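Reader: Could you take me through this model at an unhurried pace, with room for me to interrupt as we go?
Author: Gladly; here it is, and you can steer from there.

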Amino acid sequence: MELSPFMKSLGLKYPIFQGGMAWVADGKLAAAVSNAGGLGIIGAGNAPGSAMAEEIKIAKSLTDRPFGVNVMLLSPHVEEVVKVILENKDNITLVTTGAGNPSTYLKQFKEANIKVIPVVGSVALAKMMERVGADAVVAEGMESGGHIGRLTTMALVPQVVDAVNIPVIAAGGIGDGRGMAAAFMLGAQGVQMGTRFLVAEESKVHPVYKKAVLKAKDIDTMVTGDFAGHPSRVIKNKMARNYINLEKAEAAKDNPDYSALEELGNGSLRRAVQDGDAKTGAYMAGEISGLVKKEQPAAEILHDVYEQADKLMGGDK
Ligand SMILES: Cc1cc2nc3c(=O)[nH]c(=O)nc-3n(C[C@H](O)[C@H](O)[C@H](O)COP(=O)(O)O)c2cc1C
């Protein structure tokens with residue numbers, strides 16, 4: 001498979017991004033992915049600038065290859081995180097952004113020679129991102145783990161590809177080479193995977209959470225937060241069931257107040273990742289969990305996914 005000029009410009013062997021997952025994607029995981037020829041991305045989530053500086057330092061100590069950072073634009077620490085990224089501009093190839101419009105920071109990133117790739121869930125947002133100067137977009141379907149949009153990857157990716165002239169990376173529901181090849185058929189130049197990397201050997205996700213992903217069947221994820229306006233895909237566990245029951249009860253009221261629910265959700269991904277707590281932890285993971293059956297080194301994941309896709313796409317015929 002010939003890499004697109006954009007993917008080549010990132011210095012990659014494989015056109016595969018590891019999603020910048022909050023609490024999960026640390027410097028160690030990102031470095032393992034980058035060392036193996038994919039693009040490792042550290043997830044900033046709501047972490048303060050100092051924690052990001054530490055993870056970037058770890059990644060720098062483990063790899064000479066390019067890596068990225070995912071900036072959560074709604075984070076209370078976004079300004080500090082941007083500052084830390086700019087201070088490390090020589091090592092950070094790109095920034096992916098979630099939860100909003102990165103235009104406030106775009107000029108600074110561009111001047112620092114850092115590419116900006118917003119994650120989008122609709123054609124309108126993709127077009128807006130192109131207009132403000134994004135280098136590419138990640139089009140993420142609602143099959144994915146974590147916070148999600150409304151459209152499926154299958155419907156979203158080709159529509160975004162047709163609507164913009166910048167490269168499109170597909171995300172959501174891609175777990176093997178078949179998914180990757182399909183994304184390329186839809187016009188994507190690369191893929192981003194989250195769920196499959198949750199169970200990478202180098203991922204710090206708690207063994208109980210990892211096991212839940214590995215054991216999950218096709219129908220074992222659900223969406224919470226839909227009524228409250230911030231849908232998120234998680235594996236069904238006690239926390240998810242409790243959350244959705246409270247959410248539905250609140251939604252049935254004349255004047256729903258979701259503040260107690262927000263309280264319940266606060267810190268829930270951290271509790272899942274660090275403690276594996278199924279009662280209060282949100283095991284964020286995508287629909288493709290049912291296909292993810294073993295814990296493997298990140299390098300093996302990248303190799304297996306790419307080789308399968310390459311073969312399906314005609315290989316070096
Ligand atoms: C546990 C978890 C946390 C995530 N956190 C973030 C995040 O902080 N920012 C972001 O842009 N995407 C986040 N994502 C989405 C991933 O980066 C990626 O786009 C998505 O997982 C791809 O879909 P898949 O899970 O089907 O592979 C998260 C996903 C998971 C599973």
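What follows is a conversation about a predicted model, beginning with its domains.

Reader: How is the protein chain divided into domains?
Author: The assignment gives domain 1, which covers 5–204 + 293–312, and domain 2, which covers 217–284. Between the C-alpha centres of domain 1 and domain 2 the distance is 25 Å.

Reader: And how many residues does the contact take from each of them?
Author: Domain 1 contributes 13 residues to the contact, and domain 2 contributes eleven residues. The area buried between domain 1 and domain 2 comes to about 1,100 Å², with 59% of it given by carbon and sulfur atoms.

Reader: What is the count of salt bridges between domain 1 and domain 2?
Author: The count there is one salt bridge. Looking through the model for such pairs, one finds arginine 150 in a salt bridge with aspartate 226, where the closest N and O atoms are 2.9 Å apart. As for polar contacts, six residue pairs are found across the interface of domain 1 and domain 2, with both residues at pLDDT 80 or more.

Reader: Changing topic, how many aromatic pairs does a search of the whole structure find?
Author: The search finds two aromatic pairs. One of them is formed by tyrosine 14 and tyrosine 306, and it is tilted, with 4.9 Å from centre to centre and 45 degrees between the planes.

Reader: Where do tyrosine 14 and tyrosine 306 sit along the chain?
Author: Tyrosine 14 lies in the loop between α1 (5–9) and β1 (16–18), whereas tyrosine 306 belongs to helix α14 (residues 298–312), so that the pair links distant parts of the chain, 292 residues apart.

Reader: Buried or exposed, that tyrosine 14?
Author: Tyrosine 14 is buried, because its relative accessibility is 5% and the cut-off for buried is under 20%. Tyrosine 306 is likewise counted as buried, its relative accessible area being 9%.

Reader: What about tyrosine 209 and tyrosine 283, and why is that pair called stacked?
Author: The ring centres of tyrosine 209 and tyrosine 283 are 4.8 Å apart and their planes meet at 10 degrees, which is why the pair is stacked; the cut-off for stacking is planes under 30 degrees apart. This pair also links distant parts of the chain, with tyrosine 209 in helix α10 (residues 207–215) and tyrosine 283 in the loop between α13 (268–275) and α14, 74 residues apart. Tyrosine 209 is buried at 0% relative accessibility, and tyrosine 283 is buried with a relative accessible area of 3%.

Reader: Moving on to helix α8, which of its residues are buried?
Author: In helix α8 (residues 177–185) the buried residues are Gly177, Gly179, Met180, Ala181, Ala183 and Phe184. The cover over the buried residues of α8 includes β1, β8 (168–171), β9 (190–193) and α14. After α8 comes glycine 187, which has a positive phi near 110 degrees.

Reader: Glycine I can accept, but which residue other than glycine has a positive phi near 65 degrees?
Author: Tryptophan 23 is one of them, with phi near 65 degrees. Tryptophan 23 lies in the loop between β1 and α2 (27–35), and at 39% relative accessibility it counts as partly exposed. Asparagine 113, which is not a glycine either, has a positive phi of about 65 degrees. Asparagine 113 is placed in the loop between α5 (103–111) and β5 (115–120), and it counts as exposed at 65% relative accessibility.

Reader: One last residue: where is threonine 153 found, and what is it in contact with?
Author: Threonine 153 is found in helix α7 (residues 153–163), and at 7% relative accessibility it counts as buried. Setting aside its neighbours within four places in sequence, threonine 153 is in contact with Gly141, Glu143, Pro158, Ala171, Gly172 and Leu186.

Reader: How far is the backbone oxygen of alanine 171 from the side chain of threonine 153?
Author: That backbone oxygen of alanine 171 lies 3.1 Å from a polar atom of the threonine 153 side chain.

Technical notes:
Residues numbered from 1 in each chain as written. Predicted model: local features only at pLDDT ≥ 70, side-chain atom pairs only at ≥ 80, totals over all residues. Heavy atoms only, no water. Phe/Tyr/Trp six-rings, centres within 6.5 Å; stacked < 30°, edge-to-face > 60°. Helix = DSSP H or I, 4+ residues; strand = E, 2+ residues; numbered from the N terminus. Buried < 20%, exposed > 50% of the residue type's maximum accessible area, 1.4 Å probe, protein only. Domains from an automatic or database assignment. Contact = heavy atoms within 4.5 Å. Buried area = accessible area lost by both parts, 1.4 Å probe. Salt bridge = Lys/Arg side-chain N within 4 Å of Asp/Glu carboxyl O. Polar contact = N/O pair within 3.5 Å; in protein donor to acceptor, adjacent residues only side chain to side chain.
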